[in-house]
Amino acid sequence: MPTVHIDKVGEMAIIECAGRFVRSEAALKLRDAVTSQADAHVVILDLTEMHALGGGGLGMLVLLQRWAQDHDIRFKLFNPSTPVRDKLNHVDFEIATLEQMMTLLSRIDRQYSRALLESQFPTHQLSQYS
């Protein structure tokens, strides 16, 4: 049975997909996970553990890509396995590289570090930490 796990990192949602996404129940589970992230600025589907993608799953990814565009959310796929990547080649998806993922995560980390400093120190003292 396919599984979906959501990690929120600031304004970014990372949705880890594991298993075979070849039946409609799996596509609906994926839809619900992504559309529940309407407050995110970036949604990344981690496809590392997705072993198969059927036509319904591929169609759902296209639908979710459009949904993200309509909600001004960046939608990226990350690390698809070879069989999944073969299916994705027929559609124009943005596949994030490891370097892009590290950049996104470091940017979010900097934002949180700055917010933490601002909450603990008065603004006039903050310049010595920047």
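**View 1. The largest nonpolar core and its best-connected members.** This close-up of a predicted model starts with the 27 residues of the largest nonpolar core, where Val34, Leu45, Phe75 and Leu88 touch the most other members. Who supplies the residues? Strand 2, helix 1, strand 3, helix 2, strand 4 and helix 3 (82-88) each put in at least two. Helix 2 is the top contributor, giving six residues.

**View 2. Val34 and the residues it touches.** Leave aside anything up to four places away in sequence, and Val34 is in contact with Ile15, Val43, Leu45, Leu64, Trp67 and Phe75. Two of these names, Leu45 and Phe75, are also listed with Val34 among the residues touching the most other core members.

**View 3. A second core.** Eight residues make up another nonpolar core, separate from the one above, and Met12, Val42, Phe78 and Ala96 are among them.

**View 4. The sheet, strand by strand.** Here's the open sheet: five strands in the order 1-2-3-4-5, with mixed pairing. Strand 1 (3-9) and strand 5 (95-96) sit at the edges, each pairing on one side only. Further in, strand 2 (residues 12-21) runs parallel to strand 3 (residues 42-53), and nine bridges link the pair. Look for Phe21, which stands opposite Leu53 in strand 3.

**View 5. Helices on the sheet.** Helix 1 (residues 24-35) packs on the sheet and touches strand 1, strand 2, strand 3 and strand 4 (74-78). The direction of helix 1 makes about 175° with that of strand 2. Helix 2 (residues 55-70) lies across strand 2, strand 3 and strand 4, and its angle to strand 3 is about 175°.

Terms used:
Residues are numbered from 1 along each chain as its sequence is written. This is a predicted model: local features need pLDDT of at least 70, side-chain atom pairs count only at pLDDT 80 or more; totals for chains, interfaces and linings use all residues. Side-chain values use heavy atoms; hydrogens and water are left out. Two strands pair if DSSP finds at least two bridges between them. Helices (H or I, at least four residues) and strands (E, at least two) are DSSP runs, numbered from the N terminus. Contact means heavy atoms within 4.5 Å. Axes are lines fitted to C-alpha atoms, for helices over the stretch in contact, and angles run from 0 to 180 degrees between N-to-C directions. A nonpolar core is a set of buried Ala, Val, Leu, Ile, Met, Phe, Trp, Tyr and Cys residues joined through side-chain atoms within 4.5 Å. Buried means under 20% relative accessible area, exposed over 50%, partly exposed in between (1.4 Å probe, protein chains only).
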